[in-house]
Each structure stands twice: as structure tokens, then as C-alpha cells.
Amino acid sequence: KNKFNNRKYRLVVRFTNKRVICQCVYATLRGDVVVAAAASNELAHFGIPAGHKNYAAAYATGLLVARRVLKKFGLDEKFKGKEELDGEEYHVEDEENEQRPFKCILDVGIRRTCVGHRMWGALKGAVDGGLHVPHKTKNFPGFKAADEKGGESEYDAEAHKEKIFGNHVKEYME
């Protein structure tokens with residue numbers, strides 16, 4: 001097999017002091033090439049004037065970059081993504097389709113991958129947008145590990161939905 005110059009796409013998620021940046025990138029010998037990018041300050045055009053750093057903004061930015069990537073490759077009609085948001089686990093490769101979904105690998109950089117971090121919101125947004133990003137629910141908010149070894153762990157999709165909609169911010173503001 002000759003795998004030279006094959007493209008492996010990465011979903012790059014970065015956080016600055018004011019915004020979230022999501023990019024779909026592949027590497028070449030000359031340097032990384034950005035296929036599509038979205039930043040959370042663009043959410044102001046979609047009706048979100050403030051709060052461009054929180055979990056909900058990361059989710060919306062991931063959703064935006066997923067739709068842009070699929071549109072760029074002409075896959076936006078084949079892979080619609082998730083229709084309604086309920087926080088449940090979703091994998092685009094489970095849907096019946098004659099074509100494989102667009103695959104990206106999550107690139108978090110030097111960030112710690114702790115449970116409930118905002119980067120998982122960007123990942124969930126990209127997955128719900130129609131990208132195939134391999135993941136498990138154990139890092140999402142609402143996941144509760146098993147108490148004893150060999151026990152059953154549980155994932156509360158409703159708690160994740162609350163975090164995506166920003167209800168934790170709303171409660172804090174009240």
C-alpha cells in the first residue's frame with residue numbers, strides 16, 4: 001500500500017480568552033492546511049450577542065464548522081446530522097448510507113481532557129452537525145462512572161442537554 005500524502009483530517013478546538021475556535025485541518029509537508037474554520041465571535045451573526053466562551057458557544061461553533069466542512073465537500077445533503085437536540089449519544093456512521101461519513105480526529109492541543117470541559121461541547125456540536133468523530137460519552141457532562149469496579153456506568157443525556165442549552169449559566173445569572 002502507498003499511503004503517502006493521504007489526508008487525515010483533524011478537528012482542532014482551541015480556546016482563547018474571548019472565544020472558541022474550531023477548524024478542520026490536514027497536514028502537509030509545507031504545513032497544515034485549513035479546510036474550514038469557525039469562531040464563536042461569528043455567532044453574533046446568528047443571534048448570540050454575548051457569551052462566546054461557554055459550553056453552549058463551543059457546541060454552536062462545533063456545529064457551525066461541521067456544516068461548513070460538509071458543504072465544502074458537497075456532503076451536506078447526504079449527512080444532515082442530528083435533527084433535534086436531546087443530548088443523547090449520536091454517531092453519524094450508524095445511519096444507513098451508501099457513502100462513508102467524513103471522518104475527523106479530535107485535536108485538543110495542550111488542554112486537559114477532564115470530564116465536562118468545553119472542548120467536549122465543540123466535539124458534540126461537530127458530531128451532531130454530521131461529522132464522524134470517534135468518541136465515547138464518558139467525558140460528556142452527565143456521565144457518572146461506576147461506583148465499584150465492574151459496575152454499570154450511566155450517562156444522563158438530560159444533564160448534557162441542559163449544559164448545551166446553557167441553563168447552568170441562566171441559573172447563575174438569576
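**Figure 1. The whole chain, with buried residues making up 40% of its 174 residues.** This is a predicted model, and a look at the overall chain is a good place to start. The chain holds four helices and six strands. Reading from the N terminus, its elements follow the order β-β-β-α-β-α-β-β-α-α. Along its principal axes, the C-alpha trace spans about 55 × 45 × 35 Å. The radius of gyration is 17 Å, which agrees with the value near 16 Å that a compact globule of 174 residues would have. About 10800 Å² of the chain is exposed, and carbon and sulfur atoms supply 49% of that area. Among contacts between residues at least 6 apart in sequence, 58% join residues at least 24 apart.

**Figure 2. The open sheet, built from four strands in the order β3-β2-β1-β4.** The pairing in this sheet is mixed. Which strands stand at the edges? They are β3 (32–39) and β4 (105–107); each has a single partner strand, so one side of each is left without a neighbour in the sheet. On average, neighbouring strands of the sheet are turned by 25 degrees against each other, direction ignored.

**Figure 3. Strands β1 and β2, an antiparallel pair.** Here you can follow β1 (residues 10–15) alongside β2 (residues 20–27), with six bridges between them. The two strands are joined by a hairpin through four residues. To find your way along the pair, look for V12, whose bridge partner in β2 is Q23. Another useful landmark is V13, which stands opposite C22 in β2.

**Figure 4. Strands β2 and β3, antiparallel and joined by seven bridges.** These strands also form a hairpin, with four residues between them. What is the phi of G31 in the turn? G31 has a positive phi of about 145 degrees. Two bridge pairs help with orientation here: Y26 stands opposite V33 in β3, and I21 has A39 as its bridge partner in β3.

**Figure 5. Helices α1 and α2 against the sheet.** Helix α1 (residues 55–72) lies across β1, β2 and β3. Its direction runs at about 130 degrees to β3. Helix α2 (residues 118–128) packs on the sheet as well, where it touches β1, β2 and β4. The direction of α2 makes about 140 degrees with that of β1.

**Figure 6. The largest nonpolar core, a set of 36 residues.** In soluble globular proteins, nonpolar side chains tend to be buried together. Which residues of this core touch the most other members? They are F102, C104 and L131. Several elements contribute: β1, β2, β3, α1 and α2 each supply at least two residues of this core. The largest share comes from α1, with eight residues.

**Figure 7. C104, in the loop between α1 and β4.** Is this residue buried or exposed? C104 has a relative accessible area of 0%, so it is buried. Leaving aside residues up to four places away in sequence, C104 touches Y9, R10, L11, C24, L131, H132, V133 and P134. Another way to place this residue is by its distance to V127, which is 23 residues apart from C104 along the chain. The C-alpha atoms of C104 and V127 are separated by 9.8 Å. If you have just come from the core view, you have already met C104 there, among the residues that touch the most other members of the largest nonpolar core.

**Figure 8. D107, a residue of strand β4.** D107 has a relative accessible area of 18% and counts as buried, because the cut-off for that label is under 20%. Which residues does D107 touch, not counting those up to four places away in sequence? They are R10, L11, V12, V13 and R14. Two of these may look familiar from the view of β1 and β2: V12 has Q23 as its bridge partner, and V13 stands opposite C22. The strand that holds D107, β4, stands at an edge of the sheet with a single partner strand.

Terms used: Residues numbered from 1 in each chain as written. Predicted model: local features only at pLDDT ≥ 70, side-chain atom pairs only at ≥ 80, totals over all residues. Heavy atoms only, no water. Pairing = 2+ DSSP bridges. Axes fitted to C-alpha atoms, helices over the stretch in contact; angles between N-to-C directions. Contact = heavy atoms within 4.5 Å. Buried < 20%, exposed > 50% of the residue type's maximum accessible area, 1.4 Å probe, protein only. Core = buried A, V, L, I, M, F, W, Y, C linked by side-chain atoms within 4.5 Å. Rg over C-alpha atoms; globule rule 2.2 N^0.38 Å. Areas by Shrake-Rupley, 256 points an atom, 1.4 Å probe, with all protein chains shown as cover.
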